[in-house]
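This report walks through the strand pairing, the nonpolar cores and a few individual residues of the structure shown below. The chain and its coordinates are best kept open alongside the text.

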Amino acid sequence: MYSRSSEPVQFERDCPAVLVPQGESVTLPAGTYGYITQALGGSYTVFVEGNLFRIAGQDADAIGKEPTEPLSLPDNASDDEVEQMVWQQLRTCFDPEIPFNIVDLGLVYEARLNHRDDGQREVEVKMTLTAPGCGMGEILVDDVRSKLEMIPTVAEADVELVFDPPWGRHMMSEAAKLETGML
């Protein structure tokens with residue numbers, strides 16, 4: 001949430017944003033003032049007039065930040081190298097309200113790499129949410145999908161939300177538990 005250490009920003013252009021936690025798409029007009037409360041994984045959570053908004057990395061220039069750099073892999077990258085990058089990308093996906101990536105939160109149940117007939121790869125992900133009614137669910141799914149499809153040779157990412165088994169704090173990494181005081 002907003003604190004005295006949050007970085008003040010002014011939107012330099014109209015900017016698409018997502019209202020947190022409702023998940024509604026909105027446009028924040030140029031000239032709007034706010035505070036960056038979280039800048040993790042290439043996206044930003046900005047506090048504006050009592051509300052939190054998520055700004056995608058591709059729109060970082062609207063708040064005076066650098067857009068995210070494209071990913072690269074060798075042309076002959078092995079499945080192991082691609083799978084490593086899959087997990088790296090998953091660790092850049094953050095719940096906008098919790099400063100931890102979805103892997104450390106224990107939200108990713110499975111990530112499987114498959115080969116397509118055209119030589120490209122696809123990734124199948126099964127993930128959950130901390131609460132089934134979370135309004136950011138589809139936003140997180142889209143974030144995972146788009147970040148995985150940035151990986152060279154990955155043509156498609158199929159991300160499925162599952163709720164069995166239900167998420168619990170025991171699924172969090174030790175670091176996430178320690179940082180959130182849930183140890």
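## The six-stranded sheet

In this predicted model, six strands come together in an open sheet with antiparallel pairing, and their order across the sheet is E1-E4-E5-E6-E2-E3. Strand E1, covering 7–10, and strand E3, covering 25–28, are the edge strands, each of them pairing on one side only. Direction ignored, neighbouring strands of this sheet are turned against each other by 45° on average.

## Strand E2 and its two partners

Strand E2, residues 15–20, runs antiparallel to strand E6, residues 51–55, and is joined to E6 by three bridges; within this pairing, Leu-19 stands opposite Phe-53. Towards E3 the pairing is again antiparallel, with four bridges joining E2 to E3, and here Pro-16 is found opposite Thr-27. E2 and E3 form a hairpin in which four residues lie between the strands, and Gly-23 in the turn adopts a positive phi of about 85°.

How much of E2 is covered? Five of the six residues of E2 are buried, so that the strand is mostly covered. In a regular strand, side chains alternate between the two faces of the sheet.

## The hairpin of E7 and E8

A further antiparallel pair is made by E7 and E8, which are joined by seven bridges. Ala-111 has Val-125 in E8 as its bridge partner. The hairpin of these strands has five residues between them, and Gly-119 takes a positive phi near 90°.

## Two nonpolar cores

The largest nonpolar core has 30 residues, and among these Leu-90 and Leu-148 touch the most other members. At least two residues of this core are supplied by each of helix H1 (79–90), strand E7 (108–115), strand E8 (121–127), helix H2 (137–148) and strand E9 (154–161). With its neighbours within four places in sequence left aside, Leu-90 is in contact with Asn-101, Ile-102, Val-103, Val-108, Ala-111, Val-144 and Leu-148. Ala-111 thus appears in two settings, as a contact of Leu-90 and as the bridge partner of Val-125.

Separate from this core is a second one of 15 residues, which includes Val-9, Phe-11, Cys-15 and Val-46.

## Two buried residues: Leu-105 and Lys-177

Leu-105 is located in the loop between H1 and E7. Is this loop residue buried or exposed? Leu-105 has a relative accessible area of 2% and therefore counts as buried, the limit being under 20%. Not counting residues up to four places away in sequence, Leu-105 touches Asp-95, Ile-98, Phe-100, Trp-167, Met-171 and Met-172. One of these contacts, Trp-167, is 62 residues away from Leu-105 along the chain, while the C-alpha atoms of the two are separated by 9.3 Å.

Lys-177 belongs to helix H3, residues 174–180. Because its relative accessibility is 14%, and the limit is under 20%, Lys-177 also counts as buried. Which residues does Lys-177 touch, not counting those up to four places away in sequence? They are Arg-169, His-170, Met-172, Met-182 and Leu-183. Met-172 is therefore touched by Lys-177 and by Leu-105, given that contact is taken as heavy atoms within 4.5 Å.

Methods. Residues are numbered from 1 along each chain as its sequence is written. This is a predicted model: local features need pLDDT of at least 70, side-chain atom pairs count only at pLDDT 80 or more; totals for chains, interfaces and linings use all residues. Side-chain values use heavy atoms; hydrogens and water are left out. Two strands pair if DSSP finds at least two bridges between them. Axes are lines fitted to C-alpha atoms, for helices over the stretch in contact, and angles run from 0 to 180 degrees between N-to-C directions. A nonpolar core is a set of buried Ala, Val, Leu, Ile, Met, Phe, Trp, Tyr and Cys residues joined through side-chain atoms within 4.5 Å. Buried means under 20% relative accessible area, exposed over 50%, partly exposed in between (1.4 Å probe, protein chains only).
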